[in-house]
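Biologist: I would like to go through this model with you, one question at a time, and hear the reasoning behind each reply.

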Amino acid sequence: MSKFIIAKFGGTSVADFDAMSRCADIILADDNIRVVVVSASSGVTNLLVDITKTTDVTSRHDAFAGIERITLNVLNRLQQPQVVAEPIELLLAELRAMIENGGAVYSSAHKDLIQSFGERLSSVLFAQVLVERGAASLCFDIRRVMRTDSRFGKAEPQLAMIAELAQVHLTPLLADYRVVTQGFIGADDFEQTTTLGRGGSDYSAALLAEAIQAATVQIWTDVVGIFTTDPRLTSDARCIREISFDEAAEMATFGAKVLHPATLLPAMRQNIAVFVGSSREPAAGGTWIAKTVQERPPYRAIALRKSQTLITVKSPAMLHAAGFLTRVFDTLSRHQISVDLVTTSEISVALTLDEGGMTSAFSNSVEPALDELKTFCEVTVEQGLSLVAVIGNHLHSSKGVAGALFHALERINMRLICHGASKHNLCFLIQDQDGPAVVKQLHQSLFSS
């Protein structure tokens with residue numbers, strides 16, 4: 001394993017020139033930071049998505065104007081803007097041409113290409129910020145290394161190819177340069193631009209760390225580490241100074257917004273430490289995520305994920321019959337529907353789907369599956385639910401866990417409970433409107449008593 005550090009900066013961390021300058025301070029303070037992965041400047045990705053969603057040319061141009069304004073505001077603050085003016089103008093011209101010649105509806109491939117412009121613009125600007133601070137820095141097109149399949153919108157990284165290409169194109173640069181590159185985007189075997197899905201910049205950084213065998217991945221964002229719960233839900237939330245890979249993975253999976261759920265997979269495979277901190281307050285410390293931690297308390301954090309759907313399938317034929325569950329999950333699998341929680345009784349199965357994670361594709365993918373399920377069982381659908389996950393250690397075997405939970409929530413109707421399947425979480429469903437109050441009450445009971 002090398003001593004190199006990969007530092008990833010999110011959209012708010014590279015929102016404008018002043019934000020980029022703060023990030024430059026962090027990088028220049030540690031010579032081991034050799035790869036810098038950046039998101040699009042805050043607001044740019046949303047505008048790019050707006051372009052791909054609307055068929056109105058005027059609306060597309062309005063979104064482009066917003067992107068151009070954010071970009072030029074940074075460019076004009078540079079000491080030597082003329083150095084990168086041409087590549088920035090070429091990128092903006094390419095994007096403008098795609099808007100003017102895109103037709104009524106963009107293909108999936110064109111949508112990914114359009115959404116790549118945010119990171120491509122911010123990386124050019126940020127590399128120049130470092131150069132003007134005296135660093136030997138260059139902007140590197142990550143599509144030369146980040147090889148994926150052709151599933152546009154949520155491309156799957158090709159790990160072996162990424163590692164091979166990184167050793168050829170990226171690693172040789174690190175002895176002499178701080179390389180600034182793009183998160184979120186990649187390219188398939190046909191050199192078509194792909195994206196890893198929203199939040200994929202964290203994942204990109206972790207994949208690159210795995211490929212070059214880095215020592216650490218730093219995730220710099222707008223919060224001081226990972227908290228015991230969302231600080232917006234309770235003022236009692238506090239920063240977690242260390243957390244295990246397993247616990248952090250549960251938090252990311254069940255709704256914590258600080259990390260993309262896939263980020264930890266490459267780090268876990270190669271035992272690469274992950275640090276999460278605030279680019280606005282780097283001196284405030286942050287959260288270290290590692291395989292081994294000094295303390296493993298019963299309760300580590302509480303996560304809340306809204307917009308959950310509960311599907312209950314029921315059939316008397318299920319009683320003492322083999323194969324019913326196989327038929328249910330085979331149906332869901334063929335429609336590419338991912339299930340989170342599952343509970344069963346003698347004649348019914350209840351399972352949850354993350355509607356929020358599916359966005360507008362939810363009804364398009366789920367409805368055909370439900371229609372097929374209805375051909376052999378009774379189907380009930382409930383929406384407007386929230387999933388609460390208590391994250392910790394040995395929850396499946398610790399005495400008093402369920403008692404503490406039920407006592408704290410004695411006046412709340414829990415629609416579904418999942419306990420015992422994992423030693424790191426206890427999950428339950430409640431009504432969306434009860435979510436914030438439940439988390440606040442539960443946090444007070446488990447962490448403040």
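The exchange that follows takes up helix packing, nonpolar cores, aromatic rings and a few single residues.

Biologist: Before the details, what kind of model is this?

Modeller: Every value discussed here is computed from coordinates, and local features are taken up where pLDDT is at least 70. The model itself is predicted.

Biologist: How far apart are the end C-alpha atoms of helix α4, and what span should its residues give?

Modeller: Helix α4 covers residues 82-100, which makes 19 residues. At 1.5 Å a residue, the expected span is 27 Å, and this agrees with the separation of its end C-alpha atoms, which is 27 Å.

Biologist: What arc around the axis do the buried residues of α4 cover?

Modeller: The buried residues of α4 are Val84, Ala85, Ile88, Leu91, Leu92, Leu95, Met98 and Ile99. They lie on the same side of α4, because the arc that they cover around the axis is only 160°.

Biologist: Which residues are exposed on the other side of α4, and what covers the buried ones?

Modeller: On the other side, the exposed residues of α4 are Gln82, Glu86, Glu89 and Leu90. The cover over its buried residues includes α2 (44-53), α3 (57-75), α5 (108-115) and α6 (117-132).

Biologist: Which helix gives the largest share of the largest nonpolar core?

Modeller: That core has 58 residues, of which Ile6, Val145, Leu208, Ile212, Val274 and Ile289 touch the most other members. The largest share of this core, seven residues, comes from helix α8, residues 200-212.

Biologist: Which residues does Ile6 touch, not counting those up to four places away in sequence?

Modeller: With residues up to four places away in sequence left out, the contacts of Ile6 include Val35, Val37 and Thr216. Ile6 also touches Ala205, Leu208, Ala209, Ile212, Ala214, Val217 and Gln218.

Biologist: How many residues does the second, separate core hold?

Modeller: Among the members of this second core are Ile33, Ile99, Leu130 and Trp220. The residue Ile99 is also one of the buried residues of α4. The second core holds 46 residues.

Biologist: Turning to the rings, what is the geometry of the pair formed by Phe275 and Trp288?

Modeller: The structure holds five aromatic pairs. In the one formed by Phe275 and Trp288, the ring centres are 5.1 Å apart and the planes are at 50°, so with the stacked class under 30 degrees and the edge-to-face class over 60, this pair is tilted.

Biologist: Where in the chain do these two partners lie, and is each of them buried or partly exposed?

Modeller: Phe275 belongs to strand β9 (residues 273-278) and Trp288 to strand β10 (residues 286-290), 13 residues apart, and the pair thus links distant parts of the chain. At a relative accessibility of 9%, Phe275 counts as buried, whereas Trp288, at 41%, is partly exposed.

Biologist: Which charged end sits over the ring of Phe376?

Modeller: Phe376 pairs with Phe324 in an edge-to-face arrangement, at 6.1 Å centre to centre and 80° between the planes. Phe376 counts as buried at 15% relative accessibility, and Phe324 is buried at 9%. At 3.9 Å from the centre of the Phe376 ring sits the charged end of Arg327.

Biologist: What is the phi of Phe184, and is Phe184 buried or exposed?

Modeller: Phe184 is placed in the loop between β4 (178-182) and β5 (185-187), and among the residues in contact with Phe184 is Thr195. With a relative accessible area of 3%, Phe184 is buried. Its phi is positive although the residue is other than glycine, with a value near 80°.

Biologist: And what is the phi of Glu191?

Modeller: Glu191 is found in the loop between β5 and β6, and at 71% relative accessibility Glu191 counts as exposed. Although Glu191 is not a glycine, its phi is positive, at about 65°.

Biologist: Finally, how far apart in space are Val49 and Asp31?

Modeller: Val49 lies in helix α2 and is buried, with a relative accessible area of 13%. Beyond its neighbours within four places in sequence, Val49 is in contact with Gln115 and Arg198. Val49 and Asp31 are 18 residues apart in sequence, and their C-alpha to C-alpha separation in space is 36 Å.

Definitions and conventions. Residues are numbered from 1 along each chain as its sequence is written. This is a predicted model: local features need pLDDT of at least 70, side-chain atom pairs count only at pLDDT 80 or more; totals for chains, interfaces and linings use all residues. Side-chain values use heavy atoms; hydrogens and water are left out. Rings of Phe, Tyr and Trp (its six-membered ring) pair if their centres lie within 6.5 Å; planes under 30 degrees apart count as stacked, over 60 as edge-to-face and the rest as tilted. Helices (H or I, at least four residues) and strands (E, at least two) are DSSP runs, numbered from the N terminus. Buried means under 20% relative accessible area, exposed over 50%, partly exposed in between (1.4 Å probe, protein chains only). A charge sits over a ring if NZ of Lys or CZ of Arg is within 6 Å of the ring centre and within 35 degrees of the ring normal. The expected span of a helix is 1.5 Å times one less than its number of residues. The arc is that of the directions from the helix axis to the C-beta atoms. Contact means heavy atoms within 4.5 Å. A nonpolar core is a set of buried Ala, Val, Leu, Ile, Met, Phe, Trp, Tyr and Cys residues joined through side-chain atoms within 4.5 Å.
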